[in-house]
Amino acid sequence: MKVHELFEEEEVSILSKFGKHFAKHSKFYANSISAANVILTSLEGCPEEIDGSALFGSNHLTSLKGGPRKVTGDFSITGNITLTSLDFAPEYVGEYFRAEDCNITSLHNIHKHVKHIGDYLLLKGNPITSHVLGVLLIDGLRMIQMDFKPVQHILNKYLKGDRDVFACQEELIDKGFEDYAQL
């Protein structure tokens, strides 16, 4: 099922229907889209810009192609176990970028896809084994969470500091994490 097909069905929950309720109790915006757990297989037909959050968790996405380019709130694709890459991810995410419990193995060239994240990048539950250095080149990113704590700790140290990519790369290599020390 594609995103545009969801808008033709009643099951779709567009948070604009509930804007006042959500505005009081969460970070969601009136124009957010919630299409979680609806057997979504593609983001084709999604608006390029979403002035709010875009929640596509617990579906069957295999790619982010056709998805939004800009999301002013949270972007969540958590629980898409068929998703193995963040290629075609939004260039701009205003708050949290959640991609937990997918099957992402590498963050190769993430900085070429994602230019800005306003808060955290949450990647727990992914078998990431390489190419994490690009997160230092994402504007606004304050912290990353991933399962491999030694690499997470090193990345977060540089995200909070001067974001020296070469120094971070050297530290990762010195600690035996050569595969992670790549863009």
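Buried here means under 20% relative accessible area. Keep that cut-off in mind as you click around, and remember that you are looking at a predicted model.

**Stop 1: helix α4**

Select residues 149–160, which make up helix α4. Put a distance monitor on the C-alpha atoms at its two ends and you should read 16 Å. That agrees with expectation, because 12 residues at 1.5 Å a residue should span 16 Å.

Now colour α4 by accessibility. Which residues of α4 are buried? They are V151, Q152, I154, L155, N156, Y158 and L159. An α-helix has 3.6 residues a turn, so residues three or four places apart point the same way. To see what lies over the buried residues of α4, bring up β11 (143–145) and α5 (165–174), which are among the elements covering them.

**Stop 2: the largest nonpolar core**

Next, show F56, I77, L86, F97 and L107 as sticks. Out of the 48 residues in the largest nonpolar core, these five touch the most other members. Both α4 and α5 supply at least two residues each to this core, and α4 gives the most, with 5 residues. In soluble globular proteins, nonpolar side chains tend to be buried together.

Centre on F97 and expand the selection to its contacts. Leaving aside residues up to four places away in sequence, F97 touches F75, I77, L86, A89, P90, V114, I117, Y120, L121 and L122. Two of the names from the previous selection, I77 and L86, turn up in that list.

**Stop 3: I50 and its neighbours**

Jump to strand β3 (residues 49–50), where you'll find I50. Is I50 buried or exposed? I50 counts as buried, because its relative accessibility is 3%. Its contacts, again skipping residues up to four places away in sequence, are N31, I33, P68, K70, V71 and T72. Pick P68 from that set and check the C-alpha distance to I50: the two are 6.9 Å apart in space, with their positions 18 residues apart in sequence.

**Stop 4: cysteines**

Select C102 and C168. C102 counts as buried at 3% relative accessibility, and C168 is buried too, at 0%. Don't go hunting for a sulfur–sulfur bond: the count of disulfides comes to 0.

**Stop 5: salt bridges**

How many salt bridges are there? The count comes to 4. Start with R142 and D119, whose closest N and O atoms are 2.8 Å apart. This pair links distant parts of the chain: R142 is in the loop between β10 (120–122) and β11, D119 is in the loop between β9 (116–117) and β10, and they sit 23 residues apart. The burial of the partners is worth a look as well. R142 is partly exposed at 44% relative accessibility, whereas D119 is buried at 11%.

Then go back to the helices and select E171 with K157. They form a salt bridge with the closest N and O atoms 2.7 Å apart. E171 belongs to helix α5 and K157 to helix α4, so the pair ties together parts that are 14 residues apart in sequence. Here E171 is buried at 13% relative accessibility, while K157 is partly exposed at 42%.

Finally, add K175 to the selection. K175 and E171 meet in a salt bridge through their side chains, at 3.3 Å from N to O. Through shared partners, K157, E171 and K175 are joined into one network of salt bridges.

Note on methods: Residues are numbered from 1 along each chain as its sequence is written. This is a predicted model: local features need pLDDT of at least 70, side-chain atom pairs count only at pLDDT 80 or more; totals for chains, interfaces and linings use all residues. Side-chain values use heavy atoms; hydrogens and water are left out. Helices (H or I, at least four residues) and strands (E, at least two) are DSSP runs, numbered from the N terminus. The expected span of a helix is 1.5 Å times one less than its number of residues. Buried means under 20% relative accessible area, exposed over 50%, partly exposed in between (1.4 Å probe, protein chains only). Contact means heavy atoms within 4.5 Å. A nonpolar core is a set of buried Ala, Val, Leu, Ile, Met, Phe, Trp, Tyr and Cys residues joined through side-chain atoms within 4.5 Å. A disulfide is a pair of cysteine sulfur atoms within 2.5 Å.
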